[in-house]
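Student: Please take one part of this model and go through it closely. I would like the helix packing and the pocket beside it treated in one connected answer.

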Amino acid sequence: MSSKTLVWSRLYQARTSVRRRFPSIWHLPVRKRYHVVLQEHVQGRQSVLELGAHDRHLRQRLDSLMPELSYFSVDSDDSYDHDFSEIGQVTGQYDLIIGLEVIEHLELPEAAAMLEQTVRRSEEHTSELQS
């Protein structure tokens, strides 16, 4: 067997190991087309923060869906004009926070912590709004 051959049993073992180590993130839905998610979630929103915005291309897509939406971005790449250069600088509240093509740049423990923190903050904010 060539070293480039994919061994499905090893892949299954690796996935099982990840699921055991990070059970809270395993059941997150994965969507292939981000614009479908945007259309579902951007309607009725007033402000959005994009994490890892790179060239702010998403702003064009959002402007076509909702031109009145306030768009803010954070990215450490200073080649483009961003509102924030790191996540620790972010202030304010946003109706929607988007992080496309971000998680794959993190180590798995960092990604899991980020997702868990995001869910926790979202739940806290939701309960504040309901109070």
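**Helices H3 and H4**

Tutor: The model is predicted. Start with the crossing: H3 passes H4 in a right-handed crossing. H3 covers residues 34–42 and H4 covers residues 57–65. They pack at an angle of about 50 degrees. Their axes lie 11 Å apart. An angle from 35 up to 65 degrees falls between roughly parallel and roughly perpendicular, so H3 and H4 are oblique to each other.

Now the residues that meet. H3 contributes Tyr34, His35, Leu38, Gln39 and Val42. H4 answers with His57, Leu58, Arg61, Leu62 and Leu65. By class, this contact holds 6 nonpolar, 3 polar and 1 charged residue.

Next, the second largest pocket. Its volume is about 200 Å³. Tyr34 of the H3 contact is part of the lining. His57 and Leu58, from the H4 side of the contact, also line the pocket. The other lining residues are Glu50, Gly52, Ala53, His54, Asp55, Leu100 and Glu101. The lining divides into 4 nonpolar, 3 polar and 3 charged residues. Tyr34, His57 and Leu58 thus appear both in the helix contact and in the pocket lining.

Notes: Residues are numbered from 1 along each chain as its sequence is written. This is a predicted model: local features need pLDDT of at least 70, side-chain atom pairs count only at pLDDT 80 or more; totals for chains, interfaces and linings use all residues. Side-chain values use heavy atoms; hydrogens and water are left out. On a 1 Å grid over the protein atoms alone, a cavity is a set of points where a 1.4 Å probe fits but cannot get out, and a pocket is an open set with protein on both sides within 12 Å along at least five of seven lines; lining residues have an atom within 4 Å of a point. Grid points are joined across faces, edges and corners, and a volume is the space filled by probe spheres set on the points. Ala, Val, Leu, Ile, Met, Phe, Trp, Tyr, Cys and Pro count as nonpolar, Asp, Glu, Lys and Arg as charged, and the others, Gly among them, as polar. Axes are lines fitted to C-alpha atoms, for helices over the stretch in contact, and angles run from 0 to 180 degrees between N-to-C directions. Helices (H or I, at least four residues) and strands (E, at least two) are DSSP runs, numbered from the N terminus. Angles under 35 degrees count as roughly parallel, over 145 as roughly antiparallel, 65 to 115 as roughly perpendicular and the rest as oblique. A crossing is left-handed if the near helix is turned anticlockwise from the far one by less than a right angle, and right-handed if clockwise. Contact means heavy atoms within 4.5 Å.
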